[in-house]
Amino acid sequence: NAPPVIVGIDTNSSPLIGGAMITMSGTGFMPGAIVEIGGAPCGSVTVANSNMRKCTTSPNSAGPKTITLTNPDSQLANYAGVFTYRESFVSIWEISAPGEMITLPLASGLNYDFTVQWGDGAVDRITSFSSLQKTHEYLSPGIYTITINGLVEGWNFSTTPDSKLKLKTVENFGDMGWKNLNYAFYGCSNLTSFAGGVTT
């Protein structure tokens with residue numbers, strides 16, 4: 001058998017706690033292949049087809065990791081691209097009435113590929129500034145924890161005037177691949193505390 005080759009993945013990051021689903025495409029994948037990311041075995045590996053495998057990330061430390069797929073005949077493939085474990089962006093928001101919405105303050109002209117857990121059980125994946133999924137409606141008033149995992153290059157509250165007063169605290173600004181923080185928390189007068197984050 002020819003050795004396996006991983007030619008691409010559909011997401012390039014995972015939260016530190018794991019749980020991200022990765023789809024790998026390539027050639028030479030055999031039934032029973034094992035996938036490790038940074039030395040940690042994936043929680044599960046499923047067969048999409050002969051040239052595609054899906055796996056769920058396990059917990060790991062922050063930083064770039066190597067993805068390795070090993071066939072039962074011991075031949076292996078290392079993914080040459082970059083896959084990174086990142087700290088999550090965790091924030092607390094207050095909804096005061098049914099039907100209120102939060103729009104994430106993405107900045108135009110930058111790159112995005114992240115999942116957002118809205119705190120009410122809903123989860124969306126957002127891959128562009130123009131994505132409609134960056135706005136979420138809440139059915140009930142209350143305090144909600146929003147958790148974001150993945151790539152977020154920019155944050156600009158001057159673009160979302162209706163949402164800025166709902167933000168209460170930033171529990172962890174996370175490691176999101178930030179590139180532009182101009183007006184990041186502009187007008188967020190109810191923001192009372194801020195912690196963490198990789199903003200180099």
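**Notebook: strands and surface of a predicted chain**

I began at Thr 115, which I found standing opposite Arg 125 in β15. The model is a predicted one, in which local features need pLDDT of at least 70 and side-chain atom pairs count only at pLDDT 80 or more, while totals for chains, interfaces and linings use all residues. Residues are numbered from 1 along each chain as its sequence is written, and side-chain values use heavy atoms, with hydrogens and water left out.

I next looked up the pairing of β14 (residues 112-117) with β15, which is antiparallel and runs over four bridges; two strands pair here if DSSP finds at least two bridges between them.

I then traced the open sheet of six strands, whose order is β15-β14-β17-β12-β18-β19 with mixed pairing. β15 (123-126) and β19 (193-194) are at the edges with a single partner strand each, so one side of each has no neighbour in the sheet.

For the whole protein chain I noted 19 strands and zero helices, both being DSSP runs numbered from the N terminus (strands E, at least two residues; helices H or I, at least four).

I checked burial and found that 44% of the 200 residues of the protein chain count as buried, meaning under 20% relative accessible area with a 1.4 Å probe, protein chains only.

I also looked at contacts (heavy atoms within 4.5 Å): of those in the protein chain between residues at least 6 apart in sequence, 66% join residues at least 24 apart.

Last, I recorded that the C-alpha atoms of the protein chain fill a box of roughly 60 × 35 × 25 Å along the principal axes.

How values were computed. Buried means under 20% relative accessible area, exposed over 50%, partly exposed in between (1.4 Å probe, protein chains only).
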